[in-house]
Amino acid sequence: MSLIVTQHIAIPDQELEESFIRSSGPGGQNVNKVASAVQLRFDVRNSPSLPEAARAALLLGGRLTREGVLIITAQRFREQERNRADARARLSEILRRAATPKKARRTTKVPKASKRKRLENKKHRAEIKRGRGRPD
């Protein structure tokens with residue numbers, strides 16, 4: 001079974017490394033006995049399933065270790081299986097955002113009316129500061 005990110009990106013389970021650790025969250029006395037938190041590791045730098053554009057975006061993102069591994073820790077729930085699903089969903093969302101290209105910003109002109117209004121306001125403020133525009 002693979003982690004489906006987009007139509008074109010699927011991460012095989014062999015590339016994901018899961019380890020179960022003790023959670024610091026809710027669970028009462030059970031929290032000290034059961035490893036319900038999930039730590040999910042994904043090697044971004046060496047993954048053959050990741051497109052180069054998404055890899056570059058993730059490497060620039062700053063969430064990786066020095067070795068290029070993305071680590072997600074999920075401990076929101078008491079059950080191990082729900083934390084596992086949460087970690088996979090979070091990884092999928094991070095990869096989906098990295099795979100989506102950024103929209104190019106197009107520069108626009110400042111409208112003439114805005115320029116005129118700004119200059120009128122400046123003139124008005126100057127008159128007030130000079131003492132001419134003071135109401136009597």
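## A buried serine in helix H2

Ser92 is buried in this model, with a relative accessible area of 5%, and the model itself is a predicted one. The residue belongs to helix H2, and from there a link can be drawn to a distant part of the sequence: Ser92 and Ala10 are 82 residues apart along the chain, while their C-alpha atoms are 9.4 Å apart in space.

## The overall plan

The protein has three helices and five strands in its secondary structure. Read from the N terminus on, these elements follow the order β-β-β-β-α-β-α-α. The protein has 136 residues, of which 27% count as buried, and Ser92, at 5% relative accessible area, is one that is described as buried.

## The nonpolar core

Which residues touch the most other members of the largest nonpolar core? That core has 21 residues, and the ones with the most contacts to other members are Ile11, Phe42, Leu50, Leu91 and Leu95. Strand E4 (37-43), helix H1 (52-61), strand E5 (69-74) and helix H2 each supply at least two residues of this core, so that both helices and strands contribute to it. Helix H2 gives the most, with five residues.

## Salt bridges that involve helix H2

Side chains of opposite charge can pair when their charged atoms come close. In this structure there are 10 salt bridges. One of them joins Glu18 and Arg88, whose closest N and O atoms are 3.4 Å apart. Because Glu18 lies in strand E3 (residues 16-21) and Arg88 lies in helix H2 (residues 80-99), the pair ties together parts that are 70 residues apart in sequence. The two partners do not fall in one accessibility class, since Glu18 is partly exposed, with a relative accessible area of 23%, whereas Arg88 counts as buried at 14% relative accessibility. Glu18 and Arg88 also take part in a network of salt bridges, in which they are linked with Glu81 and Arg84.

A further salt bridge is formed where the side chains of Glu93 and Arg96 meet, with a distance of 2.9 Å from N to O. Here the partners are three residues apart in helix H2, so they are separated by about one helical turn. Both are partly exposed: Glu93 has a relative accessible area of 31%, and Arg96 has one of 32%.

## Helix H3 and a positive patch

How far apart are the closest N and O atoms of Glu127 and Arg130? In this salt bridge they are 3.2 Å apart. Glu127 and Arg130 are three residues apart in helix H3, so about one helical turn separates them. Glu127 counts as partly exposed, at 28% relative accessibility, while Arg130 is exposed, with a relative accessible area of 52%.

Helix H3 covers residues 112-130, and Lys112 is found in it. Is Lys112 buried or exposed? With a relative accessible area of 71%, Lys112 is exposed. This residue is also part of a positive surface patch, which is formed by Lys109, Lys112, Lys115, Arg116, Arg118 and Lys122.

## Loop residues and their distant partners

Two loop residues can be described in a similar way, beginning with the loop between strand E4 and helix H1, where Pro51 is found. Pro51 counts as partly exposed, at 34% relative accessibility. The C-alpha atoms of Pro51 and Ala99 are separated by 7.7 Å, although the two residues are 48 residues apart along the chain.

Phe77 lies in the loop between strand E5 and helix H2. Phe77 is partly exposed, with a relative accessible area of 22%. Its C-alpha atom is separated by 9.0 Å from that of Ser23, and Phe77 and Ser23 are 54 residues apart along the chain.

## Bringing helix H2 together

Several of these descriptions return to helix H2. This helix holds the buried residue Ser92, and it gives five residues to the largest nonpolar core. Helix H2 also contains Arg88, the partner of Glu18 from strand E3, as well as Glu93 and Arg96, which are three residues apart within the helix.

Key
Residues are numbered from 1 along each chain as its sequence is written. This is a predicted model: local features need pLDDT of at least 70, side-chain atom pairs count only at pLDDT 80 or more; totals for chains, interfaces and linings use all residues. Side-chain values use heavy atoms; hydrogens and water are left out. Patches are made of residues with over 30% relative accessible area and no salt bridge: like charges are joined within 9 Å, nonpolar side chains (Val, Leu, Ile, Met, Phe, Trp, Tyr) within 5 Å. Accessible areas come from the Shrake-Rupley method with a 1.4 Å probe; for residues, only the protein chains shown count as cover. A salt bridge is a side-chain nitrogen of Lys or Arg within 4 Å of a carboxyl oxygen of Asp or Glu. Lys and Arg count as positive and Asp and Glu as negative; His and the chain ends are not counted. The place of a charge is taken as NZ of Lys, CZ of Arg, CG of Asp or CD of Glu. Helices (H or I, at least four residues) and strands (E, at least two) are DSSP runs, numbered from the N terminus. Buried means under 20% relative accessible area, exposed over 50%, partly exposed in between (1.4 Å probe, protein chains only). A nonpolar core is a set of buried Ala, Val, Leu, Ile, Met, Phe, Trp, Tyr and Cys residues joined through side-chain atoms within 4.5 Å.
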